[in-house]
Amino acid sequence: SNTIPCNLASPSTLGHAAETPESTSMVVLRNLQYSRGTANVRVDHLELKAGVYALTGANGSGKSTLFRVLMSCSTNERSIDLSPSITLHTPARTLVEIDDLEREAACEAAEENATDMMDEKVAVVKPVVSVDQGELHPRLSITMPSSRVVEISQTFYWPLYTKPIDWIYQRHIADSLTTKEITAMASKVAEELYLLEFTQTLAEAQTTSDDESSDDGHLPKDKVIEGIIADLLEEKEDWFSDLSGGQKSKVELVRKVFLHDECPHVLLIDETMAPLDPSSKVQVMSRLKNFCHGSVMIVIYHTDVGQEQETEQGELVECVPSNNFFDGNIHVEHQMVHLRPVC
């Protein structure tokens with residue numbers, strides 16, 4: 001494997017974060033510098049509390065590559081090897097701020113307590129080197145709140161000749177469950193999809209007739225869910241090819257987020273909401289905001305970045321609208337990452 005040695009926050013920190021997530025740093029990136037193609041990005045010191053962050057920057061600036069770096073943390077439940085096309089660098093500037101020095105010492109202590117993680121092959125980064133008393137060379141340090149880190153990418157894989165329910169749950173549920181249990185699991189998926197305004201026109205047509213429509217022309221909820229369940233339990237040659245881009249996004253959101261008891265502690269969303277129609281986007285954003293209120297969610301974002309707001313100094317600066325969703329803006333510009341407020 002080719003992963004990055006990351007740190008996990010201490011149990012005491014996580015306990016505090018569960019009580020007051022808005023005041024506790026969940027993700028801490030320090031001395032991270034990476035390059036891929038023409039993009040060369042540096043993160044000196046970035047701390048993210050629980051909340052939703054828009055990740056912005058020009059095309060090719062390195063936004064998606066940041067996701068690749070975070071997903072390659074050795075502490076993740078499902079680490080993804082860092083691509084050979086991505087190179088990690090160590091910033092040349094030394095650290096002199098007292099809080100930085102204290103964090104370095106804390107990270108060193110955490111790594112000394114690590115056991116089997118450090119036995120694996122990891123991406124090479126330069127270690128801490130003592131220079132003068134009270135001064136250290138920079139070193140890469142990534143701290144995550146837990147191993148539950150999930151990414152929903154902009155490209156979806158779906159196997160051929162598969163029952164949708166099996167792929168969603170990542171196992172052949174018919175092999176070990178009763179018909180009643182299978183139906184209950186399918187119903188749970190169908191309910192979640194319904195809440196996200198997912199519709200299967202073909203399935204609806206197969207399970208109802210025109211006279212079953214309500215006065216507003218829509219099918220009753222139970223009929224819609226019945227149609228979705230029928231689709232989920234039938235083996236399909238290529239189910240995803242029959243879905244719209246928005247429907248594919250909703251299936252992935254349900255599969256990776258809403259089917260679980262709690263939101264992943266770090267959720268990375270890459271263009272997943274781009275195919276959604278305005279009404280569905282509102283529903284999805286509302287569900288994510290409520291379900292993931294104690295997590296760090298980073299969403300690659302392109303729309304309406306050009307809005308401006310006036311600073312205390314009277315200057316106009318570019319900003320991302322909150323839309324009652326975003327809490328902050330991680331912006332990549334001039335090869336540097338900055339945390340900015342939203343409007």
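**Figure 1. H334 and N323, two non-glycine residues with positive phi.** At 71% relative accessibility, H334 is classed as exposed. In this predicted model, H334 is found in the loop between β12 and β13 (336-340). Its phi is near 55°, a positive value in a residue other than glycine. N323 likewise has a positive phi, of about 55°, although it is not a glycine. The loop that holds N323 is the one between β11 and β12. With a relative accessibility of 46%, N323 counts as partly exposed.

**Figure 2. The salt bridge between K289 and D327.** The side chains of K289 and D327 meet in a salt bridge, with an N to O distance of 3.0 Å. Distant parts of the chain are linked by this pair: K289 belongs to helix α9, whereas D327 lies in the loop between β11 (316-319) and β12 (328-333), 38 residues apart. K289 is partly exposed, at 24% relative accessibility. D327 is also partly exposed, its relative accessibility being 44%. Elsewhere, D231, E234 and K236 are joined into one network by salt bridges that share partners.

**Figure 3. The salt bridge between R287 and E192.** R287 pairs with E192 in a salt bridge whose closest N and O atoms are 3.0 Å apart. Because R287 lies in helix α9 (residues 278-291) and E192 in helix α5 (residues 179-195), the pair ties together parts that are 95 residues apart in sequence. E192 has a relative accessible area of 14% and is therefore buried, the limit being under 20%. In general, side chains of opposite charge can pair when their charged atoms come close. The structure holds ten salt bridges.

**Figure 4. The salt bridge between E226 and K223 within helix α7.** E226 and K223 form a salt bridge, and their closest N and O atoms are 3.8 Å apart. Both residues belong to helix α7 (residues 221-233); because they are three residues apart there, about one helical turn separates them. An α-helix has 3.6 residues a turn, so residues three or four places apart point the same way. The relative accessible area of E226 is 38%, and E226 is partly exposed.

**Figure 5. Helix α8 and its packing partners.** Helix α8 (residues 245-258) has 14 residues, which at 1.5 Å a residue should span 20 Å; the end C-alpha atoms are 19 Å apart, in agreement with that expectation. The helix is mostly covered, as eleven of its 14 residues are buried. Among the buried residues of α8 are the charged K250, E252 and R255, together with V251, L253, V254, V257 and F258. G246, Q247 and S249 are buried as well. The packing partners of these buried residues are β7 (149-152), α4 (164-169), α5, β8 (266-270) and α9. Two of these partners also carry a salt bridge, R287 being in α9 and E192 in α5.

**Figure 6. The protein chain as context for the close-up views.** Nine helices and 13 strands make up the secondary structure of the protein chain. Of the 343 residues in the chain, 47% are buried. Among contacts between residues at least 6 apart in sequence, 71% join residues at least 24 apart. The chain exposes about 17400 Å², of which carbon and sulfur atoms supply 50%.

Terms used
Residues are numbered from 1 along each chain as its sequence is written. This is a predicted model: local features need pLDDT of at least 70, side-chain atom pairs count only at pLDDT 80 or more; totals for chains, interfaces and linings use all residues. Side-chain values use heavy atoms; hydrogens and water are left out. A salt bridge is a side-chain nitrogen of Lys or Arg within 4 Å of a carboxyl oxygen of Asp or Glu. Helices (H or I, at least four residues) and strands (E, at least two) are DSSP runs, numbered from the N terminus. Buried means under 20% relative accessible area, exposed over 50%, partly exposed in between (1.4 Å probe, protein chains only). Contact means heavy atoms within 4.5 Å. Accessible areas come from the Shrake-Rupley method with a 1.4 Å probe; for residues, only the protein chains shown count as cover. The expected span of a helix is 1.5 Å times one less than its number of residues.
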